[in-house]
Each structure stands twice: as C-alpha cells, then as structure tokens.
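Take a look at the model below. Then follow the text from its empty spaces to its helices and loops.

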Amino acid sequence: MSESIPVCDAADPFPRAPAFTIPPGACDTHAHVFGTERLYPYTPNRTYTPPDAPVGAYRHLHERLGIARGVLVQPSVYGTDNRLQMDALAYLRGQGLAYKGVAVVDADVSETELDQLEAGGHCGVRMNLLFKGGIQWRDVEILAQRLATRNWHLQFLIDVSEFEDLESRIRALPVPVVVDHMGHMDCRKGLEHPGFQALLNLLRDEQAWVKLSGAYRITAEQQPPYTDVDLFAQALVEANPNRCVWGSDWPHPHFSIPMPNDGDLLDLLARWVSDEAVRNRILVDNPAALYGF
C-alpha cells in the first residue's frame with residue numbers, strides 16, 4: 001500500500017440510541033461495508049484506505065439505531081468489483097431482512113452482470129465523480145440509457161458547486177437521479193451558490209432525489225450538531241420533502257474532522273425536520289418508493 005494513501009479511522013463502535021422515536025420501517029439509504037483486504041482487494045487507484053467494517057457491525061448499528069431497512073452503496077476503493085457488497089446483501093437478505101444495493105459498473109458492463117446484480121438486490125449505479133476509482137461522466141449517458149429499461153436509478157457522488165451544467169445534464173437523463181450528501185458542497189460557499197440552487201430546482205421539479213447525509217463532509221465545524229449545515233438541510237426539505245431520504249454514511253470513511261457518534265448523526269434529522277410526519281416520510285415512505293421496499 002502506498003504511504004500517500006491515507007488510512008481512515010474506524011467508526012465509533014458504541015453508537016447510542018437516537019433521542020427521538022424511530023418509526024417502523026425506517027431506512028438508512030447510505031452505508032458501506034469493508035472487508036479483509038486479502039479476500040476483497042482494494043483498487044490501487046484509490047483516494048483512501050478504509051478500516052474493516054463487516055456486515056455484522058453494520059447490522060449492530062441498525063439494531064442500535066432502530067433501523068429496519070438499508071441500502072449498501074459500493075465504495076470507490078473497490079472500483080467495479082462488487083463481490084463484497086453482493087456477499088453482504090446475500091447474508092442480510094438470507095435472514096429475511098430488507099436490504100438493497102447500489103453498484104458501481106463500467107459503461108460496457110454485460111447484461112449478464114447486471115442481471116446478477118439485480119438478482120442480488122441492486123437497483124442503482126453510483127457515479128463517483130469525486131474520488132479515485134469511480135466512474136467518469138462520459139459514461140453516464142451510456143449507462144442511463146441501458147438502466148432505464150431496468151427501472152434502476154443513477155446515484156451521484158458529486159460536488160454541486162464544481163460541476164458545470166449540472167441542472168441541464170440531470171434533466172436530460174432518462175432515469176431517476178439521487179444526489180449524495182446534500183450535494184457535497186462546502187457550507188461556506190453559501191445557500192445562494194448556483195450549484196446548490198440548481199439542486200433545489202431539480203428537487204422542486206422532481207428531477208432528482210437527495211440524501212440528507214454526510215453533514216460532517218460539508219461543515220466548517222468540528223463536532224455535531226454542525227449548526228452551519230442546518231439551513232442547507234432545511235432548504236432541501238423545503239424544496240421537496242417527498243424527494244429527501246436519510247443516510248448514515250457509516251462507517252464514515254475519508255473526512256477530516258473528529259469521528260461522530262451515529263446516534264448524534266441520526267439526531268441531526270430531528271433538528272432539521274421538526275415535523276414528525278415529514279420526518280417519518282423521509283425515513284420510511286420516500287425510501288420505500290425510491291428503492292422498492
């Protein structure tokens with residue numbers, strides 16, 4: 001392993017229960033599993049080296065938080081090798097649990113591989129435009145055309161403040177689009193930044209979904225509750241509460257401030273969304289519609 005590739009801290013192994021009532025059927029729409037490198041090698045072309053984060057620890061997290069459903073997202077460190085995620089989903093689904101996956105594939109992926117991924121619980125493809133090991137935009141249109149016939153969606157890991165023609169490009173795609181981590185834009189750039197306003201426009205017109213996740217990735221603060229994120233999360237919910245979902249982003253790889261507790265992160269949702277009915281929609285109804293639970 002190259003010394004230039006940073007090694008990430010592990011998640012807090014003692015997640016506390018959230019301070020508000022979690023509704024039945026609540027879904028964590030964004031998390032990752034990381035396995036032993038000997039069995040599941042990392043791609044050499046990567047931005048970070050993660051800690052081990054096995055599926056058992058993932059389930060422990062959800063049991064502690066009161067989460068009934070989940071979506072595993074293929075991380076960039078494995079490139080297009082989705083084996084670990086397939087194995088984790090097979091384990092979870094084999095226990096009768098409601099879990100889905102979002103894969104990473106090449107634009108020329110075979111129909112056979114897509115069939116296998118779908119049979120294993122996948123219903124979307126992630127477009128990583130931030131970290132090494134991800135897919136490039138030039139392949140997006142090709143994949144979108146292919147996935148449209150499958151009822152899959154595209155998920156974008158993208159900084160909305162640094163992507164040219166974001167709104168027009170997303171509107172032109174024939175599949176649903178999900179944007180990670182509230183647009184992954186540094187809060188110091190402000191609510192009025194054109195990239196964030198483009199994301200709000202897409203939400204209002206039901207041209208995109210957004211994950212209320214990764215607050216620690218966009219804040220300028222060191223500890224929860226990351227008060228500078230409040231206005232951004234609230235603006236997204238106000239734009240269209242029916243297009244917002246929540247994600248833990250466990251085990252929180254590759255960020256630069258102290259590791260938060262997952263109970264504190266889930267409590268942020270209650271801070272951003274005081275209306276219990278709307279909050280329950282974000283936790284239960286919206287992900288059920290998007291992922292087909």
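What follows is a walk through pockets, a cavity, one helix and several loop residues.

The model is predicted. Start with the open spaces. The largest pocket has a volume of about 180 Å³. Its lining counts 13 residues, and Tyr216, Arg217, His254, Phe255 and Ser256 lie nearest the centre. By class, six residues of that lining are nonpolar, five are polar and two are charged.

The second largest pocket holds about 160 Å³ of space. Here 14 residues form the lining, with Ala11, Asp12, Pro13, Ala57 and Trp250 nearest the centre. The class split is eleven nonpolar, one polar and two charged residues.

Now turn to enclosed space. Rolling a probe the size of a water molecule over the atoms shows where empty space is left. The structure has two cavities of 30 Å³ or more. The second largest of these cavities has a volume of about 70 Å³. Residues from several stretches line it, among them Leu212, Tyr216, Trp246, Leu265 and Trp272. Two helices, α7 (215–218) and α9 (262–272), each supply at least two lining residues. The top contributor is α9, which gives three. No charged residue lines this second largest cavity; seven of its lining residues are nonpolar and four are polar. Tyr216 is among those lining the cavity, and Tyr216 is also one of the residues nearest the centre of the largest pocket.

The loop between β8 (244–246) and α9 comes next. Pro251 sits in this loop. The peptide bond joining Trp250 and Pro251 is cis, with omega about 0 degrees. Trp250 is also among the residues nearest the centre of the second largest pocket. His252 lies in the loop between β8 and α9 too. Its phi is positive, about 65 degrees, although His252 is not a glycine. Is His252 buried or exposed? Its relative accessibility is 1%, so His252 counts as buried.

A second cis peptide bond joins Pro224 and Pro225, with omega about 15 degrees. Pro225 belongs to the loop between α7 and α8 (230–239).

Another positive phi is found at Glu206. The value is near 55 degrees, in a residue other than glycine. Glu206 is in the loop between α6 (194–204) and β7 (209–212). Its relative accessibility is 43%, so Glu206 counts as partly exposed.

Arg150 is another loop residue, placed between α4 (140–148) and β5 (153–157). Why does Arg150 count as buried? The reason is its relative accessibility of 13%, which falls under the 20% cut-off. What does its side chain meet? The side chains of Arg150 and Asp115 are joined by a polar contact of 2.8 Å.

Finish at helix α10. This helix runs over residues 276–291, 16 residues in number. From first C-alpha to last it reaches 22 Å, close to the 22 Å expected at 1.5 Å a residue. Even so, α10 bends by about 40 degrees at Ile282. Asp275 caps the N-terminal end: one of its side-chain oxygens lies 2.9 Å from the backbone nitrogen of Ala277. At the other end, just after α10, Gly292 takes a positive phi of about 80 degrees.

Which residues of α10 are buried? They are Val278, Arg279, Asn280, Ile282, Leu283, Val284, Asn286, Pro287, Leu290 and Tyr291. Ile282 is thus on two counts worth finding in the model: the helix bends there, and Ile282 is buried.

Note on methods. Residues are numbered from 1 along each chain as its sequence is written. Side-chain values use heavy atoms; hydrogens and water are left out. On a 1 Å grid over the protein atoms alone, a cavity is a set of points where a 1.4 Å probe fits but cannot get out, and a pocket is an open set with protein on both sides within 12 Å along at least five of seven lines; lining residues have an atom within 4 Å of a point. Grid points are joined across faces, edges and corners, and a volume is the space filled by probe spheres set on the points. Ala, Val, Leu, Ile, Met, Phe, Trp, Tyr, Cys and Pro count as nonpolar, Asp, Glu, Lys and Arg as charged, and the others, Gly among them, as polar. Helices (H or I, at least four residues) and strands (E, at least two) are DSSP runs, numbered from the N terminus. The expected span of a helix is 1.5 Å times one less than its number of residues. The bend at a residue is the angle between axes fitted to the seven residues ending there and the seven starting there. Buried means under 20% relative accessible area, exposed over 50%, partly exposed in between (1.4 Å probe, protein chains only). A polar contact is a pair of N or O atoms within 3.5 Å; within protein, one must be able to donate a hydrogen and the other to accept it, and residues adjacent in sequence count only if both atoms are side-chain atoms.
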